[in-house]
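Subject: Structure for you to look at

Hello,

Here is the structure I promised to pass on. Please open it and keep it beside this email as you read.

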Amino acid sequence: MKQYGFYVDSSKCTGCKTCQISCKDEKDLQLGPKLRRVYEFGGGTWSKQENLWTQNVFNYYLSIACNHCSKPTCVEGCPTGAMHKRAEDGLVVVNQDICVGCRYCEMRCPYGAPQFDESKKVMAKCDGCYERVGQGLKPVCVESCPQRALDFDEIGVLHEKYGYQNGVAPLPDPSLTSPNLVIKAHRDAKPCGDTSGHIQNPAEV
């Protein structure tokens, strides 16, 4: 089965959120749902040694949408079958015509990908812009990124181009859902589960 995925170059991402805004524009979303979110993760401390202050502060950005997981727990938990994985391309999408807005998918996804649309009372999520992809285009978030920090392709192609890393803080352990995601980690990136930093912009993600 063909399986698409995303690539995120955290070493290039400046946190400008053009990807997030272009996604909302493409999907004509109201203020609530954020199908792509830009996490700012940072931490560190200052310490004094004799008369000299030193620091180990760090900060980096991660642009994250649905990772169209190989083991999508949102699909497993959906009672109506509205949340499903497309056989033709491996993209996880929601059929809003049969979604009842119970939000089980939202509770199960460790990435926060399914978002509740208050205006429609159903779930919304990244669908990989499959209609654009069907026309030979990249998802709008990828094409709008001014830093070229995002890419989208068949996951095998992404692995050949960028490697296999798919988890850094603040993301969950990738063994939970097998995300189709490849990350180029920022030089200061911390491993999944790191407690030395925290999300600096919780109201934005």
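Below is what was found in it, topic by topic. Please keep in mind that this is a predicted model.

**Aromatic rings**

Start with the rings. A pair of aromatic rings is described by the distance of the centres and the angle of the planes. There are six aromatic pairs here. One of them is formed by F41 and F58. Their ring centres are 6.1 Å apart. The planes meet at 45°, and the pair is classed as tilted.

Which parts of the chain does this pair tie together? F41 sits in strand β2, residues 37–43. F58 sits in strand β5, residues 58–64. The pair therefore ties together parts that lie 17 residues apart in sequence.

Are these two residues buried or exposed? The cut-off for buried is under 20% relative accessible area. F41 has 3% relative accessibility, so F41 counts as buried. F58 has 9%, so F58 counts as buried too.

Look also at Y4, F6 and F152. Ring pairs link these residues into a cluster.

Two charged residues lie over ring faces. K190 is over the face of F58, at 4.4 Å from the ring centre. R86 is over the face of Y130, at 4.0 Å from the ring centre.

**An open sheet**

Strands β2 and β5 come back here. Three strands form an open sheet, in the order β5-β2-β12. The pairing is antiparallel. Which strands are at the edges? They are β5 and β12 (197–199), and each of them pairs on one side only. Neighbouring strands in this sheet are turned by 25° against each other on average, direction ignored.

Now take the β2 and β12 pair. Three bridges join these antiparallel strands. F41, the residue from the tilted ring pair, stands opposite I199 in β12.

As background, side chains in a regular strand alternate between the two faces of the sheet.

**A hairpin**

Next, find β3 (residues 46–49) and β4 (residues 52–55). They pair in the antiparallel sense over four bridges. K48 stands opposite W53 in β4. The two strands form a hairpin with two residues between them. In the turn, E50 has a positive phi of about 60°.

**Helix α1**

Helix α1 covers residues 18–27. Which of its residues are buried? They are C19, Q20, S22, C23 and K24. What do they pack against? The partners are β2, β5, α5 (140–144) and β10 (150–154). Just after α1, D28 takes a positive phi of about 55°.

**The core**

As a rule, in soluble globular proteins, nonpolar side chains tend to be buried together. In this model the largest nonpolar core has 48 residues. Which members touch the most others? They are F6, L62, M83, F152, L171 and L181. Strand β5 gives the most to this core, with five residues. You have met F6 and F152 already, in the ring cluster with Y4.

L181 is worth a click. Leave aside its neighbours within four places in sequence. L181 is then in contact with F6, V8, I64, N67, I155, Q165, N166 and L171.

**Loops to check**

Some loop residues deserve a look of their own.

- H68 lies in the loop between β5 and α2 (73–77). H68 has a positive phi of about 45°, although it is not a glycine. H68 is buried, with a relative accessible area of 0%.
- S178 is in the loop between α6 and β11. S178 is not a glycine either, and its phi is positive at about 50°. S178 is partly exposed, with a relative accessible area of 26%.
- P170 also lies in the loop between α6 (155–162) and β11 (181–184). The peptide bond from A169 to P170 is cis, with omega near 10°.
- D97 is in the loop between β7 (92–94) and α3 (104–108). D97 is exposed, with a relative accessible area of 76%. The C-alpha atoms of D97 and G136 are separated by 27 Å. Along the chain these two are 39 residues apart.

A good place to begin is F41: find its ring partner F58, then look across to I199 in β12.

Best wishes

Methods
Residues are numbered from 1 along each chain as its sequence is written. This is a predicted model: local features need pLDDT of at least 70, side-chain atom pairs count only at pLDDT 80 or more; totals for chains, interfaces and linings use all residues. Side-chain values use heavy atoms; hydrogens and water are left out. Rings of Phe, Tyr and Trp (its six-membered ring) pair if their centres lie within 6.5 Å; planes under 30 degrees apart count as stacked, over 60 as edge-to-face and the rest as tilted. Buried means under 20% relative accessible area, exposed over 50%, partly exposed in between (1.4 Å probe, protein chains only). A charge sits over a ring if NZ of Lys or CZ of Arg is within 6 Å of the ring centre and within 35 degrees of the ring normal. Two strands pair if DSSP finds at least two bridges between them. Axes are lines fitted to C-alpha atoms, for helices over the stretch in contact, and angles run from 0 to 180 degrees between N-to-C directions. Contact means heavy atoms within 4.5 Å. A nonpolar core is a set of buried Ala, Val, Leu, Ile, Met, Phe, Trp, Tyr and Cys residues joined through side-chain atoms within 4.5 Å.
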